[in-house]
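Colleague: Please take a close look at the aromatic pairs in this model. I would like to know how the rings are placed and what surrounds them.

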Amino acid sequence: MDNSLLQVLTVPTAPYPDQRPGTSGLRKKVHVFQSRRNYLHNFIQSIFSSIDLRDRQGSTVVVGGDGRFFNRTAIEVIVQMAAANGVGRMIIGHHGMMSTPAISCVIRKYKAIGGIILTASHNPGGPDGDFGIKFNTANGGPAKEAVTNKIFQISRTIEEFAICPGLHVDLTTLGKQMFDLENKFKPFTVEIVDSVESYANLLRNIFDFAALKDLLSGEEHIKIRIDAMHGVVGPYVRRILCEELGCPVNSAINCVPLEDFGGQHPDPNLTCAADLVDSMRDGQYDFGAAFDGDGDRNMILGKHGFFVPPPDSVAVIADNIFCIPYFQHTGVRGFARSMPTSAALDRVAKATKIELYETPTGWKFFGNLMDAGRLSLCGEESFGTGGDHIREKDGLWAVLAWLSILATRKQSVEDILKDHWLKYGRNYFTRYDYENVDIDAACEMMEDLEIMIVDKSFVKQRFAVEDKIYQVEKADNFEYTDPVDSTISRNQGLRIIFSDGSRIIYRLSGTGCDVATVRIYIDSYEKEQILKDAQLMLAPLATIALKISQVHHRTGRSGPSVIT
C-alpha cells in the first residue's frame with residue numbers, strides 16, 4: 001500500500017440518548033464533549049449520515065465557530081470525519097473562526113451542501129462553559145425539524161463512525177491544502193478562507209457604504225461605541241466599521257476573540273453589556289451596539305444609553321426599510337416575527353399593507369418563508385434581526401441598517417424611536433428569565449399551566465390589579481402551520497391573550513441539559529402613554545403572570561435571573 005495515502009478507519013461506538021438538537025443545535029457543557037467517549041464523533045457522524053450518500057460524495061461543507069474553548073479540537077475531528085465520509089471540499093474560516101451570519105453567506109456563495117457551526121451563541125465559554133454544534137443546510141439556514149429529527153434518530157442507534165485520524169489541517173495559513181486518501185479517486189481539499197471578506201462584500205452590495213462612511217467619518221460625523229464582547233464579530237467590526245467606514249479604532253472595544261469571552265456572558269443585553277451602557281451614559285457617544293459570541297444577535301443604544309427594545313428595532317427598520325438600497329432594488333415581500341416578540345412590527349405591516357407572519361421561535365421558520373420569496377425582514381425579541389440576504393439573524397447587518405436610517409433621517413436614535421411611537425403607538429414589552437431551573441420542575445409547571453389555561457372555563461376570566469381589569473379572550477399552546485409546505489409545529493409556547501390585545505406568554509428554553517430556562521413574556525399596547533417606564537406600565541400584567549404560573553413557588557426562585 002502507498003504510505004502517502006491517508007488511512008480511513010471505521011471505529012465501533014455506542015450511542016448516547018441525549019443528542020437531540022434544539023432550536024440552536026446540540027448544546028452541552030464542554031466537559032460533556034471532553035469526558036464522554038466519542039460523544040463529539042457520534043454527533044458529527046449522525047450529521048453526515050443524515051445526508052444521502054449520493055449528495056455527500058464530493059460535496060462542499062463549510063465549518064467555522066465563534067472561537068470558544070474546544071473550537072479547534074472539534075474542527076480537527078470534523079475535518080477528519082468529513083474526509084472519511086466522502087465530502088470533497090471543506091471551507092473553513094481562518095483560525096477556525098467565522099461568524100454565524102458569515103457562514104450562512106459562505107454556504108450560499110459556494111453552493112455548499114451545508115455547514116457546521118461551532119457555537120453556543122450567547123452562553124458562557126471556557127473550559128467550564130458551554131459548547132455547541134449546529135448544522136445549517138444548503139440554503140444557509142438552520143436545519144429544519146425533519147433533518148434534526150433524523151440526526152437525533154441516527155444518534156440513538158449509531159454503532160460506528162468513519163474517520164481519517166492521520167489528516168491534520170493547518171488553520172493558520174490561508175489557501176488550499178490537499179490530502180490523498182486510500183480508496184478515494186480525488187484528493188480531499190481543505191480551503192482556509194478569510195473569515196470576513198465574502199460577508200463584507202455581501203454587505204457592500206446591500207448598504208450605501210459611501211453614505212455610511214460620511215456618517216461615521218465625514219465632517220459632521222457621529223461618534224459610536226461598539227462592543228464585540230470578545231466574540232467572533234470583533235475582526236468584522238475592525239475591518240468593516242473601522243478600516244473601511246472610517247470609525248476610530250478606539251470606537252470598537254473587546255474586539256479580540258477569546259476562548260472564554262473574557263470570563264463574561266457574550267450576551268448583548270442591558271445586564272451583560274453593562275460596561276457599554278455605562279460608557280454611553282455621559283452622552284459622548286451618539287450610537288452604541290453590542291454583539292453576542294457568534295455575531296448573530298445585537299443590541300442598539302442611543303445617546304445617554306437610550307435602549308431600543310429588539311421588537312421596536314425591527315419595527316423601526318421595517319418603517320424605514322427603503323433607507324437601505326438593497327430593498328429599493330428588491331422590494332419588500334413580507335415581514336415576520338416570532339410569536340413571543342411584541343406586535344410592534346404588526347402595526348407597520350398593517351399600515352404599509354405588507355404581509356405579516358407570526359412564527360415559532362427559531363430562524364429556520366423565517367428561512368422557509370424567505371426561500372419561497374415571501375419574506376424580506378424579520379426579527380425576534382431575543383435580540384435577533386435580519387433580512388433575506390442570508391438565512392440567519394445578523395447582528396452587524398442590523399447595526400448597518402440602523403446607521404443607514406440615521407444617515408438618511410439625520411435624527412438621533414431616541415428621536416427616531418419616539419417618532420415611531422407617536423406614529424404607531426407603543427408596545428410595552430418585557431421578558432423574565434428564570435435560568436438553570438430543574439428541568440423536571442420546569443416541565444411540571446408548564447404541564448399544569450397548560451391544563452389550566454386550555455380549560456374552557458379559563459376564557460372570559462377577569463383579573464383585577466390596582467385599577468386595571470384584564471379579561472381573557474383566548475388561551476392556547478401556540479401551533480404553527482407553515483404556509484409554504486404545510487408542516488405543523490406544535491407546543492411552541494403557552495399564550496394568554498386578553499381582550500385589549502395584551503399578551504402573557506410562557507416558554508421553556510435551553511432544555512438540552514438537565515436544567516432549563518423558564519421565560520415569561522409580557523406585551524401590552526398603548527396608543528397615548530408612550531413615554532412611561534416599561535416595567536411600571538407592565539407591572540399589573542406581570543403580577544397576573546406570576547400569580548397564574550406560581551413560577552416562584554414552582555421553581556424555588558424569589559425572582560427572575562434576568563429581566564429584559
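Modeller: In this predicted model, a search of the whole structure turns up 14 aromatic pairs. A pair of aromatic rings is described by the distance of the centres and the angle of the planes. Take Tyr16 and Tyr39: their ring centres are 5.0 Å apart and the planes stand at 65°, so this pair is edge-to-face. Tyr16 sits in the loop between β1 (9-12) and β2 (26-29), while Tyr39 belongs to helix α2 (residues 39-49), so the pair ties together parts 23 residues apart in sequence. Tyr16 and Tyr39 are both buried.

Another edge-to-face pair is made by Phe33 and Phe131, with 5.3 Å from centre to centre and 80° between the planes. Here the partners come from helix α1 (residues 30-35), which holds Phe33, and strand β6 (residues 130-137), which holds Phe131, so the pair ties together parts that are 98 residues apart in sequence. Phe33 has a relative accessibility of 4% and therefore counts as buried. Phe131 is buried as well, with a relative accessible area of 0%. These two pairs belong together: Tyr16, Phe33, Tyr39, Phe70 and Phe131 form one aromatic cluster.

Aromatic rings also have charged neighbours. Arg347 lies over the face of Tyr525, 3.5 Å from the ring centre. Arg426 is placed over the face of Trp421, at 4.0 Å from the ring centre.

As for the wider surroundings, in soluble globular proteins nonpolar side chains tend to be buried together. The largest nonpolar core in this model has 74 residues, and those with the most contacts inside it are Leu203, Phe207, Leu241, Phe287, Trp397 and Leu403. Helix α15 (residues 395-409) supplies the largest share of this core, eleven residues. A second, separate core has 45 residues, including Val30, Tyr39, Ala82 and Ile163. Tyr39 thus appears both in this second core and in the aromatic cluster.

Back in the largest core, Trp397 is one of the residues with the most contacts. Leaving aside residues up to four places away in sequence, Trp397 touches twelve-odd partners that need not all be listed; among them are Tyr199, Leu203, Phe207, Phe327 and His389.

Helix α14 (residues 363-371) also carries aromatic residues under cover: eight of its nine residues are buried, including Trp363, Phe365 and Phe366. Just after α14, Gly373 takes a positive phi of about 75°.

Methods
Residues are numbered from 1 along each chain as its sequence is written. This is a predicted model: local features need pLDDT of at least 70, side-chain atom pairs count only at pLDDT 80 or more; totals for chains, interfaces and linings use all residues. Side-chain values use heavy atoms; hydrogens and water are left out. A nonpolar core is a set of buried Ala, Val, Leu, Ile, Met, Phe, Trp, Tyr and Cys residues joined through side-chain atoms within 4.5 Å. Buried means under 20% relative accessible area, exposed over 50%, partly exposed in between (1.4 Å probe, protein chains only). Helices (H or I, at least four residues) and strands (E, at least two) are DSSP runs, numbered from the N terminus. Contact means heavy atoms within 4.5 Å. Rings of Phe, Tyr and Trp (its six-membered ring) pair if their centres lie within 6.5 Å; planes under 30 degrees apart count as stacked, over 60 as edge-to-face and the rest as tilted. A charge sits over a ring if NZ of Lys or CZ of Arg is within 6 Å of the ring centre and within 35 degrees of the ring normal.
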